[in-house]
Amino acid sequence: MPEQVQERGGVLRAFGLAEVYNPSMVPTLQPGDQLVVQYGAAVRPGDVVVLRHPFRQDLLIVKRVVERRDGGWWVRGDNPYVENDSREFGTVPDELVIARAWLRVRPPRGVQRSPRAVLSWALSAVRSVRADRSLSRRLRAR
């Protein structure tokens, strides 16, 4: 469920958290990463999104939007060895794309004992999940 609501231009924008469970977005996202997502945000090629799986709509998955096609969005995982994406299920209708990822928060792995280890984790834990236009073009070219 959304945790915060912000009104912008008369439209409510809800924010929430999503957890990554599988390796389909490696190296961009790792299992265990948390995503700060915005529900109902505009989607563009290169964006990382949360969507309902077209064949199992109770299952939420995280993918990168590659391009707009007839019938919806073509999505791919960043991991070329995992094919649970549009190569398997085709285009994804707009109504199944539910949120756009803004930030990745990587939880600490194990116990951080030294100040240097804590600082290193803090500097790398939060990253923007920006649209990667070059990756979008490379995925489309395959």
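**Patches, pockets and salt bridges in a predicted model**

Good morning. I begin at the surface, where Trp102, Leu103 and Val126 make a nonpolar patch of about 240 Å². Please keep in mind throughout that this is a predicted model. Of the residues in the patch, let us take Trp102, which has its place in strand 7, the run from residue 97 to residue 105. Trp102 counts as partly exposed, because its relative accessibility is 34% and the partly exposed class lies between 20% and 50%.

I turn now to the pockets. How much space lies in the largest pocket? The figure is about 370 Å³. Its lining is made up of 20 residues, and those closest to the centre are Glu19, Val50, Leu60, Ile61 and Val62. Which strands supply at least two residues each to this lining? They are strand 2 (11–19), strand 3 (34–39), strand 4 (48–52) and strand 5 (60–69). Sorted by class, the lining of the largest pocket holds 15 nonpolar residues, three polar residues and two charged residues.

Glu19 deserves a moment of its own. This residue lies in strand 2, and it is partly exposed, with a relative accessible area of 33%. Glu19 and Gln34 are 15 residues apart in sequence, yet their C-alpha atoms are 4.5 Å apart in space.

The second largest pocket has a volume of about 190 Å³. It is lined by 11 residues, and Thr28, Arg104, Arg127, Ser128 and Val129 lie nearest its centre. What classes of residue make up the lining of the second largest pocket? There are three nonpolar, two polar and six charged residues.

My last topic is the salt bridges. In this model the count comes to eight. One of them is formed by Arg106 and Asp33, whose closest N and O atoms are 2.9 Å apart. Arg106 lies in the loop between strand 7 and helix 2 (115–125), while Asp33 lies in the loop between strand 2 and strand 3, so the pair ties together parts that are 73 residues apart in sequence. Is Asp33 buried or exposed? With a relative accessibility of 0%, Asp33 counts as buried, because the buried class covers values under 20%.

A further salt bridge joins the side chains of Asp47 and Arg100, at 3.4 Å from N to O. This pair also links distant parts of the chain: Asp47 is in the loop between strand 3 and strand 4, Arg100 is in strand 7, and 53 residues separate them. Both partners are classed as buried, Asp47 at 1% relative accessibility and Arg100 at 12%.

In another salt bridge, the side chains of Arg69 and Glu67 meet at 2.6 Å, N to O. Here the two partners fall into separate classes. Arg69 counts as partly exposed, at 33% relative accessibility, whereas Glu67, at 15%, counts as buried. Elsewhere, Arg76, Asp85 and Arg87 are joined into one network by salt bridges that share partners.

To close, I suggest that you find two places in the structure above. Start with the nonpolar patch of Trp102, Leu103 and Val126. Then turn to the salt bridge between Arg106 and Asp33. Thank you for your attention.

Terms used
Residues numbered from 1 in each chain as written. Predicted model: local features only at pLDDT ≥ 70, side-chain atom pairs only at ≥ 80, totals over all residues. Heavy atoms only, no water. Patch = residues over 30% accessible without salt bridge, like charges linked within 9 Å, V, L, I, M, F, W, Y side chains within 5 Å. Areas by Shrake-Rupley, 256 points an atom, 1.4 Å probe, with all protein chains shown as cover. Salt bridge = Lys/Arg side-chain N within 4 Å of Asp/Glu carboxyl O. Helix = DSSP H or I, 4+ residues; strand = E, 2+ residues; numbered from the N terminus. Buried < 20%, exposed > 50% of the residue type's maximum accessible area, 1.4 Å probe, protein only. 1 Å grid on protein atoms, 1.4 Å probe; cavity = no way out; pocket = protein on both sides within 12 Å on 5 of 7 lines; lining within 4 Å. Points joined across faces, edges and corners; volume = space filled by probe spheres on them. Nonpolar A, V, L, I, M, F, W, Y, C, P; charged D, E, K, R; others polar.
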